[in-house]
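Please open the model in your viewer and keep the sequence panel beside it. The stops below can be followed in order, each beginning with something to select.

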Amino acid sequence: MDIVERRPDYLNADYGVRSWLLTTDHKRIALLYLVSITVMFVIGGLFAAAIRLELLTPRGDVVQADTYNKLFTMHGIVMIFFFLIPSIPAVLGNFLLPMMIGARDLAFPRLNLLSWYVYLVGALFTLWAMITGGVDTGWTFYTPYSTAAATTKVIPTAVGVFITGFSSILTGLNFIVTVHTMRAPGLTWFRLPLFVWAHYAMSLIAILGTPVLTITIALVGLERLLHLGIFDPALGGDPLLFQHLFWFYSHPAVYIMILPAMGVISEVVTCFSRKRIFGYAFIASSSLLIAFLGFLVWGHHMYVSGQSMYAGLVFSFLSFAVAMPSAVKVFNWTATLYKGSIAWDSPMLYALGFIGLFTLGGLTGIYLAALGLDVHVHDTYFVVAHFHYIMVGGAIMGYLGGLHFWWPKITGRMYPEGLAKVAGIIVFLGFNLTFFPQFILGYLGMPRRYHVYPDEFQVLNVLSTAGTSILGFGYLLPLLYLTWSLRYGPKAAANPWGAAGLEWQTPSPPPTENFSETPRVIHEAYDYEHEITIRPQEGVEVPVG
Amino acid sequence: MLEKFHLFPEQASTVAPRVDALFYFLIAVSVFFVLLIAGLILYFMVKYRRRRPDERGSALHGSLALEVVWTAIPFAIALVAFFWGASIYAALQRPPDDALEVHVVGKQWMWKMQHMEGRREINTLHVPVHQPIKLTMTSEDVIHSFYVPAFRIKQDVLPGRYTSAWFEATQPGEYHLFCTEYCGTLHSGMIGKVIAMDQAAFGAWLGGTEGDATVPVAEAGERIFADLGCPSCHRPDALARGPSLDGLAGREVRLADGAAVVADDDYLRESILYPRAKVVAGYEPLMPLYQGLISEEQVLQLVRYIKSLAPEPDREGAGELRPRSAR
């Protein structure tokens, strides 16, 4: 279905820098975020490359110790606060949430633009802190090192993170109000796409948890500046108080990072199985359960901190509990494939890769939840491997899969499918070579954040660094071919994948107002039995109302 | 590079095999589920591959029975792992009564060890095999963490309080000691060795001198106690202005505000450095602060000395610490 004449869409509705920098169109704001987070990803990735380069040899021969300490700190801060937390919600969530519920925009379009500016200011502040000296406290800012001993740019970085937190809170607020108040007629809660459920749950975490980080980071800055004695025992404070406050947010934060990716997987798996998702209600409620339980487990980061043994027991039990809803999702996604009609397009390959890597990564969380075992592997490369499996093998694969899936809708162009498949496989293989050896290193006892290490750890470190180069190449490919497709990719149909969902009922790319008339929803979510009419020659049509 | 390559750490303590057994169990669980999920995915991908562009999947989209089964089975496995891990952890929290104490002070970027008989070490810890060792640890600056992979033990070492860990080495050898809580520039240089020796060799080592005079810690503590003027208030007669310290360690103490605390190591340390924090009932808050006047090692020596003070024979039973006037 080639479009013969240019019709107005959100990309050509207006031209000029001002029309982008002052837009309130959720779709344009999504693209503003796409550009900014990609830049931050490249910066965070360069820090990672430097780290892995240093770790090729046991000696410190690439950078000095202080530099290395800044590299891993800044890698963590950039990747977590400036890439992972915004990624799917700010790009895909912003673009798709209103469309998926039949709305014209989010509830607060100007607040949405403000979120991006707040993010930008926070990012620029943090980058400035990095350029003018950097910070070496670890992204975890443990006290009293960060308040009393570190001589690096702690306060500027803390201010940057403080500011950026508001971006997350505002986005979460916007999403929650939108889902509550702007659903199209007939779109009941249990007909919502699971992507929406996932973002709703994530938004609850964002608005309830982020303020705690904001306050905590402010207290670190104030203590550093004014020597208040909140966290520093030399001034009468308690360093464990910091850890409790910090992890109270930072554990739920990991669910902010993974829930949206799980939402993407639900959408992709059902579309490319052309079958209603298995266990819809269970997947939807598991998102809420993860959000709730996620607030109750923070002490599993503190089993050897000096926290009481009894606290450890409670946190351990709850940490096992929070793993259960994630397991339920994995089983339901797998069951969706059963008797489906499965296409092997690249978004599906990313989604299936996610399921495998998330299963492995999530299972290693069980090792860490187990008290006696965590004592051995805490603060070692085992933990590093665990969270990279979830965050990179999981969240980033989910982000890439989603980006590919909705690329035709967002840009009106198709990307080269063969190359996308190859890139996905390279990413999968490079990722495993990078991070699997780190599980072994961790159990052997190699601590985290080590600039130099004993000789016997070198073989595994070399394997890990080799994997990084492959993974990096795998990430470079989509950066190149997706950009290429903007100009040279074939024009995309409204629904090239034959997917259910209101967003696919609009042209690719959509007009600014999304829908010329508010749709009426009369089907359940993913109702492939009834909802889709498929005509092989002409593509796919979805009847409305 | 290849000669020293290992895939698995050695087991050199009594708890290591227990930790490894749980690890193997979880590996078995992981392998099972990863193979199950990956296998099903690959199988379904191929078996149900889309054959025609207009093909759609079946209407099947739920099963309560399956949801119950695949929630219950993982939860059962999780409970097993929870109790198993908790049991190992509980054992790690409870040093045997016959454990030999060693004081450890961490500072940027070194470990200072003090054996009770007097020998001191830096970045090295000699221990006898088949003998529980209890480490009482504190930091002079930031949070560090004492980690011996071969023993599977780890404990954060904090400024301002004591933390402890214990282990029993099972085979002679040299084992890595790592600081494993990021502590600044030379965090990865804050490493050392635990040297486990058979008991005879350890006895010989302990009796030897290297550099410093090896005064037993309790004796060193007694000297500090005298030098700092402590007996002027903590004395057995009616001129005492502070509570008696005989038999104090480990006993319950009633404070001026009505609360009761156990006089553990942390209490003793705090009462020396910040005496106003917990004033004993019936006494005035007269004791000067020793914060800044003595080092953490000296505090440990004082604590050791106080712990060596047996209760006076004429005081029957443990009882609470009461002011002189109440007797």
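Helices and strands are taken here as DSSP runs, numbered from the N terminus, with helices (H or I) of at least four residues and strands (E) of at least two. The model is predicted, and local features are described where pLDDT is at least 70.

**Where the two chains meet**

Begin by colouring chain A and chain B separately, and select the residues at which they touch: 81 residues of chain A are in contact with 76 residues of chain B. On the chain A side, the element that gives the most is helix α11 (residues 309-337), with 15 residues. If you then colour this side of chain A by residue class, you will find 51 nonpolar, 20 polar and 10 charged residues.

**The core**

Next, select A:Ile265, which together with A:Ala201, A:Ile355 and A:Ile366 touches the most other members of the largest nonpolar core, a set of 243 residues. With residues up to four places away in sequence left out, A:Ile265 touches A:Trp333, A:Ala351, A:Phe354, A:Ile355 and A:Gly398. Another core, of 12 residues, lies apart from the largest one, and B:Leu248, B:Ile272, B:Leu300 and B:Ile306 are among its members.

**Along helix α9 and into the loop after it**

Return to chain A and select A:Thr270, which lies in helix α9 (residues 239-273). Is A:Thr270 buried or exposed? It counts as buried, because 29 C-beta neighbours fall inside 10 Å, where 20 or more are required. Beyond its neighbours within four places in sequence, A:Thr270 is in contact with A:Lys275, A:Arg276, A:Ile277, A:Thr336 and A:Tyr526. A distance drawn from A:Thr270 to A:Met302, C-alpha to C-alpha, spans 39 Å in space, while the two are 32 residues apart in sequence.

Move on to A:Arg274, in the loop between α9 and α10 (280-294) of chain A. This residue has a positive phi of about 40° although it is not a glycine, and it is buried, with 24 other C-beta atoms within 10 Å. Most residues other than glycine have a negative phi, and most peptide bonds are trans.

A second positive phi, near 60°, is found at A:Lys339, in the loop between α11 and α12 (346-369) of chain A. A:Lys339 counts as partly exposed, with 16 C-beta neighbours inside 10 Å.

**Two cis peptide bonds**

Select A:Ser508 and A:Pro509, whose peptide bond is cis with omega near -10°; A:Pro509 belongs to the loop between α16 (458-488) and β1 (533-535) of chain A. Then cross to chain B, where a cis peptide bond joins B:Gln108 and B:Trp109, with omega about -5°. B:Trp109 sits in the loop between β1 and β2 of chain B, and those two strands lead to the next stop.

**Sheets of chain B**

Display the strands of the open sheet in chain B, where 5 strands follow the order β3-β2-β1-β5-β8 with mixed pairing. Which strands stand at its edges? They are β3 (120-122) and β8 (163-168), each of which has a single partner strand, so one side of each is left without a neighbour in the sheet. Neighbouring strands of this sheet are turned by 25° against each other on average, with direction ignored. For a closer view of the β3 edge, note that β2(B) and β3(B) pair in the antiparallel sense over 3 bridges, and that B:Gln114 has B:Arg120 in β3(B) as its bridge partner.

Now select β10 (residues 191-197) of chain B, which runs parallel to β4 (residues 124-128) and is joined to it by 5 bridges; B:Thr124 stands opposite B:Lys193 in β10(B). Strand β9 (residues 173-179) runs antiparallel to β10(B), with 6 bridges joining them, and here B:Glu174 stands opposite B:Ile195.

**The two domains of chain B**

Finally, colour chain B by domain, with domain 1 covering 10-38 + 64-212 and domain 2 covering 217-313. Their centres, taken over C-alpha atoms, are separated by 31 Å, and the contact between them takes 11 residues from domain 1 and 8 residues from domain 2. On the side of domain 1 that touches domain 2, β1 (100-107), β2 (110-115) and β5 (132-139) each supply at least two residues. By class, this side of domain 1 has 3 nonpolar, 5 polar and 3 charged residues.

Methods: Residues are numbered from 1 along each chain as its sequence is written. Chains are lettered from A and ligands numbered from 1 in the order in which they are written. This is a predicted model: local features need pLDDT of at least 70, side-chain atom pairs count only at pLDDT 80 or more; totals for chains, interfaces and linings use all residues. Two residues are in contact if their C-beta atoms, placed from the backbone, lie within 7 Å. Ala, Val, Leu, Ile, Met, Phe, Trp, Tyr, Cys and Pro count as nonpolar, Asp, Glu, Lys and Arg as charged, and the others, Gly among them, as polar. Domain bounds come from an automatic or database domain assignment. A nonpolar core is a set of buried Ala, Val, Leu, Ile, Met, Phe, Trp, Tyr and Cys residues joined through C-beta atoms within 7 Å. Two strands pair if DSSP finds at least two bridges between them. Axes are lines fitted to C-alpha atoms, for helices over the stretch in contact, and angles run from 0 to 180 degrees between N-to-C directions.
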